[in-house]
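Biologist: Thanks for sitting down with me. Could you walk me through this model and show me how each label is earned?

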Amino acid sequence: MAKPYDPDDDREDIKNRIIGLSGRSFRKSYYPQLRSNLAQLERFRALLDCTSDFVILLSLPDATVVDANAALGALLGRPLGDLIGKPFLALGIDGEDDILGFLRSEMETRGPLGKSRPRSTVVEFHSGTATVWLELSYRVAVVDECCYGVMVGRDISERRRNEVRLAELLEEKQAIVDNAMVGIALLRGRQIVTCNRRFEEIFGYSRGTLAGQPVACLYRDPEEGRDFADRAKSAIARGENFNGVL
């Protein structure tokens, strides 16, 4: 005997056939793309974790760490998993108020499609009894209409120590030059780049007024000065020392 027609049965059958077709289509087209995207994300994560610079992603405006790479955990001496979800202020990086103030200001003053200004700074980080100098670059990024602070930093402690040592050596050298009994000047392009105090005293100039002046200001007679300078330049060009009297 024929089954009575039931429109609900037809709808259920059509629904099952559509869902089945959709599932097969989903597996054929979406899964390969999903696997490709996941592989790309894994390669990108490996790249971030292998770099010596640390990278931090902060949610704004609350400034919570939502992601970071392995270099941040190495810097802080803590497992990376313990840092995710923590406030940026808890990381112990100096200058955090200025950094967050800039990021929040950028978030409020720019539109979703606007460009964020990058900013860089050098701050201190205290790890136990040691002081580490960090160079930070940060800006605001918009993802799915949500604002994030993107920060990249590196340890520049060795460079900082070298800069301090170089400054000390230059100060020592300048002290020796300034206290010499003879006048000493550095010239470039017939212009006085720098000189010591004795050189200024010999020519009757007050301290700090000769730097940047043309060499001609030292000569009583311009013609005599040009001849003297030409002879000196010629000797130096031959790799010789030059001695002259005026």
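Biologist: How many bridges join strand 1 to strand 5, and do the two run parallel or antiparallel?

Modeller: Strand 1 and strand 5 (residues 146-155) are joined by 6 bridges and run antiparallel. Two strands pair if DSSP finds at least two bridges between them, so with 6 bridges strand 1 and strand 5 count as paired. Within that pairing, Ile 56 stands opposite Met 151.

Biologist: What should I know about the model itself before we go on?

Modeller: This is a predicted model, where local features need pLDDT of at least 70 and side-chain atom pairs count only at pLDDT 80 or more, while totals for chains, interfaces and linings use all residues. Residues are numbered from 1 along each chain as its sequence is written, and side-chain values use heavy atoms, with hydrogens and water left out.

Biologist: How many helices and strands does the protein chain have?

Modeller: There are 7 helices and 7 strands. Both are DSSP runs, numbered from the N terminus: helices are H or I with at least four residues, strands are E with at least two. Along the sequence the order is α-β-β-α-α-α-β-β-β-α-β-β-α-α.

Biologist: What makes strand 1 largely enclosed?

Modeller: Buried means under 20% relative accessible area, exposed over 50%, and partly exposed in between (1.4 Å probe, protein chains only). In strand 1 (residues 54-59), 5 of the 6 residues are buried, so the strand is largely enclosed by the rest of the structure. For the whole protein chain, 23% of the 246 residues count as buried.

Biologist: Which other strand pairs with strand 1, and over how many bridges?

Modeller: That is strand 2 (residues 64-68), which pairs with strand 1 in the antiparallel sense over 4 bridges. Here Leu 58 stands opposite Val 65. The hairpin of these two strands has 4 residues between them.

Biologist: What is noted about the backbone in the loop between strand 1 and strand 2?

Modeller: Two features. A cis peptide bond joins Leu 60 and Pro 61, with omega about 10°, and Pro 61 sits in that loop. Ala 63, in the loop too, has a positive phi of about 60° although it is not a glycine. At 2% relative accessibility, Ala 63 counts as buried.

Biologist: Where else is there a positive phi in a residue other than glycine?

Modeller: At Asp 144, where phi is near 50°. Asp 144 lies in the loop between strand 4 (130-143) and strand 5. Its relative accessible area is 73%, and the cut-off for exposed is over 50%, so Asp 144 is exposed.

Biologist: Why is Asp 53 called buried?

Modeller: Its relative accessible area is 14%, which is under the 20% limit, so the label fits. Asp 53 lies in the loop between helix 1 (7-50) and strand 1.

Biologist: Which side chain makes a polar contact with the side chain of Asp 53?

Modeller: The side chain of Arg 154 does, at 2.8 Å. A polar contact is a pair of N or O atoms within 3.5 Å; within protein, one must be able to donate a hydrogen and the other to accept it, and residues adjacent in sequence count only if both atoms are side-chain atoms. At 2.8 Å, the pair is inside that limit.

Biologist: Why is the pair of Arg 117 and Glu 106 called a salt bridge?

Modeller: A salt bridge is a side-chain nitrogen of Lys or Arg within 4 Å of a carboxyl oxygen of Asp or Glu. The closest N and O atoms of Arg 117 and Glu 106 are 2.8 Å apart, so the pair qualifies. Arg 117 lies in the loop between helix 4 (96-109) and strand 3 (119-127) and Glu 106 in helix 4, so the pair ties together parts that are 11 residues apart in sequence. Arg 117 is partly exposed at 47%, whereas Glu 106 is buried at 5%.

Biologist: How do you know that Asp 230 and Arg 190 form a salt bridge?

Modeller: Their closest N and O atoms are 2.4 Å apart, which is within 4 Å, so the rule is met. Asp 230 belongs to helix 7 (residues 222-237) and Arg 190 to the loop between strand 6 (185-187) and strand 7 (192-195), so this pair links parts 40 residues apart in sequence. By the same rule the count comes to 11 salt bridges.
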